[in-house]
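Let's take a walk through this protein together, starting with the overall picture and then settling on one strand and a residue just beyond it. Have the viewer ready, and turn the model as you read.

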Amino acid sequence: MIFWLFTLLVVVTASPATAQWLLDGDLSDWPEDALTVADRVGDSAKPCQPRGTDGRDLTSLRVRVDRDNLYVGIGFSGEERGDEEAGLLLLIDADRDGSTGVRRAGLGCELVWDIGLRSGEVHLDGFSGPIEGAEELREFLGILVAPTVTHDAVEVVLPRGDHELFEDRAFYLVVHDERSDDRAPDDGSFTLVWPTDATPVESIPLERHPDAAVRLGVYNIEHGGLFVHEDAARQESLQRMLRTMDADMWMICESWDHDAAQVRARLGEVLGRDLSTWSGVRHDGGNVLLSRFPVRDSWEVIDDVDSDEPRDRHRLTAALVATPERDALFVVNHWRCCDNDAARQVEADGLVRFLRDAFTSGGRLDLPADTPVVMAGDFNLVGLRDPLDTLLTGDIADEARFGPDFAELGLRDVPARHPQAPWLHTWHVPSSSFGAGRLDWVFVRDAQVDVLRSYVLDTTHLDDALLSRHGLRRDDARTASDHFPLVVDLDWK
């Protein structure tokens with residue numbers, strides 16, 4: 001069979017319209033000047049099964065480039081593990097020469113990248129970057145993928161970099177699913193040309209919003225890092241990060257061996273402030289909530305675990321706080337990690353049960369109907385998206401244990417991004433087999449809470465002027481912890 005190579009030439013000029021785009025797996029926010037091509041539904045050569053167990057049916061492809069990055073959005077006919085299941089290939093012929101590179105999908109590919117496997121190959125004579133070791137190559141190329149939960153789309157960012165791979169101004173691109181043998185575009189490839197303009201992204205100020213009632217700092221400080229005194233460099237980075245955040249309330253995860261009073265005292269040392277009048281709460285095995293406002297009451301959210309072992313209990317703590325003007329309910333979370341979808345679903349169900357109890361008469365607590373709710377922390381949202389959907393819809397999976405659904409709460413996700421980039425990831429360990437991911441989230445009760453400002457404090461991508469203004473260093477975020485903190489300025493409606 002003869003393969004006829006059809007190319008569509010695309011020259012993209014970056015425009016302010018693209019500034020709203022976020023790397024979150026949502027294809028609806030792509031700018032109008034992006035290339036969008038539909039792919040026939042059901043045209044896979046091999047049958048597709050639910051959740052991508054035997055291949056994916058591609059339904060759309062969105063592509064755009066600016067001076068610095070290639071952006072690719074891929075739609076599926078159902079929910080897929082776009083960042084985990086192997087076989088979804090991003091194929092790039094960087095020199096538009098079919099006789100060079102490795103032959104794939106009619107192209108001579110200099111880059112073959114498996115999006116779900118998070119690894120790939122560079123086939124380029126004289127390429128001086130690392131070409132062995134998936135983690136090293138991914139970090140070198142700077143590839144980012146979202147979301148980290150099952151979804152009907154996946155988005156990929158590939159920086160142009162200053163290496164030999166993208167020395168030419170134009171390149172060919174194809175997306176191919178090896179298992180289903182579906183591809184986009186169906187015939188040929190796209191030709192993209194690197195423009196000279198970068199996509200403008202509005203910089204988020206790191207200072208507190210002037211109208212904020214509460215500034216919230218959310219931080220998983222890896223392995224009780226506040227108390228690792230022998231690591232001077234880490235303590236110095238933490239100090240710079242925490243002083244920049246300067247929160248009224250702190251949700252700190254992974255305080256395994258220290259209670260609320262110890263964390264409050266240590267945080268005061270780091271900040272250079274007397275926090276002795278602050279309230280501190282800890283009801284689970286690792287979360288501490290600190291507040292400069294009085295705490296009226298507090299609870300362990302899931303208190304019916306049939307075990308006395310702290311390691312078996314779920315890490316969710318709630319506190320009713322007397323914030324300016326109104327009492328508000330804050331919930332700090334550290335859900336189970338990795339491949340434990342079942343435990344995360346229990347935690348989502350248990351949290352919705354707790355909130356249903358709070359806003360219906362009887363039970364452990366009764367709150368006024370207009371009480372603001374803020375939930376944040378390390379939700380470890382990977383794998384199945386069902387726990388996320390439970391929070392957003394109130395749809396409890398295990399009603400036999402946790403009772404009926406509770407859709408009346410009206411929670412929404414706060415998509416905090418990096419201050420000078422459209423990235424949302426809050427965890428990044430270059431040596432890990434997993435790529436950067438959005439593990440830390442904030443949810444608010446939409447009818448009662450205004451989010452005035454929010455960001456992920458990742459110093460890696462801040463410009464020199466912003467770093468200097470706040471006394472930060474570029475490596476502070478990665479030195480301080482494996483997670484990046486969230487900062488959220490709130491007011492009540």
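**From the whole fold to one strand**

For a chain of 493 residues, a compact globule would have a radius of gyration near 23 Å, and the protein agrees with that because its own value is 24 Å. Keep in mind as you look that this is a predicted model. Along its principal axes, the C-alpha trace spans about 75 × 55 × 40 Å.

What is the chain built from? Its secondary structure comes to eight helices and 26 strands. Of the 493 residues, 59% count as buried. Sequence separation is worth a look too: if you take the contacts between residues at least 6 apart in sequence, 70% of them join residues at least 24 apart.

Now for the surface and the charges. The accessible surface comes to about 19600 Å², and carbon and sulfur atoms account for 47% of that. The protein carries 49 positive and 92 negative side chains. The centres of these two sets lie 4 Å apart.

With that in mind, let's zoom in on strand β4, which covers residues 69-80. Is it enclosed or open? Nine of its twelve residues are buried, so β4 is largely enclosed by the rest of the structure. As a reminder for any regular strand, the side chains alternate between the two faces of the sheet.

Strand β4 has partners to look for. One of them is β3 (residues 58-65), which runs antiparallel to β4 and is joined to it by seven bridges. A hairpin makes the connection between β3 and β4 through three residues. To find this pairing in the viewer, look for Arg-64, which stands opposite Tyr-71 in β4.

Another partner is β11 (residues 151-159), also antiparallel to β4 and joined to it by eight bridges. Here the pair to pick out is Leu-70, which stands opposite Leu-158 in β11.

Follow the chain past β4 and you come to Gly-82, in the loop between β4 and β5 (88-93). Is Gly-82 buried or exposed? With a relative accessible area of 5%, below the 20% cut-off, Gly-82 counts as buried. Which residues does it touch, leaving aside neighbours within four places in sequence? Gly-82 is in contact with Ile-115, Gly-116 and Val-154. One more distance to try in the viewer: the C-alpha atoms of Gly-82 and Val-145 are separated by 8.6 Å, although these residues are 63 apart along the chain.

Notes
Residues are numbered from 1 along each chain as its sequence is written. This is a predicted model: local features need pLDDT of at least 70, side-chain atom pairs count only at pLDDT 80 or more; totals for chains, interfaces and linings use all residues. Side-chain values use heavy atoms; hydrogens and water are left out. Helices (H or I, at least four residues) and strands (E, at least two) are DSSP runs, numbered from the N terminus. The radius of gyration is taken over C-alpha atoms; the globule rule is 2.2 Å times the number of residues to the power 0.38. Buried means under 20% relative accessible area, exposed over 50%, partly exposed in between (1.4 Å probe, protein chains only). Contact means heavy atoms within 4.5 Å. Accessible areas come from the Shrake-Rupley method with a 1.4 Å probe; for residues, only the protein chains shown count as cover. Lys and Arg count as positive and Asp and Glu as negative; His and the chain ends are not counted. The place of a charge is taken as NZ of Lys, CZ of Arg, CG of Asp or CD of Glu. Two strands pair if DSSP finds at least two bridges between them.
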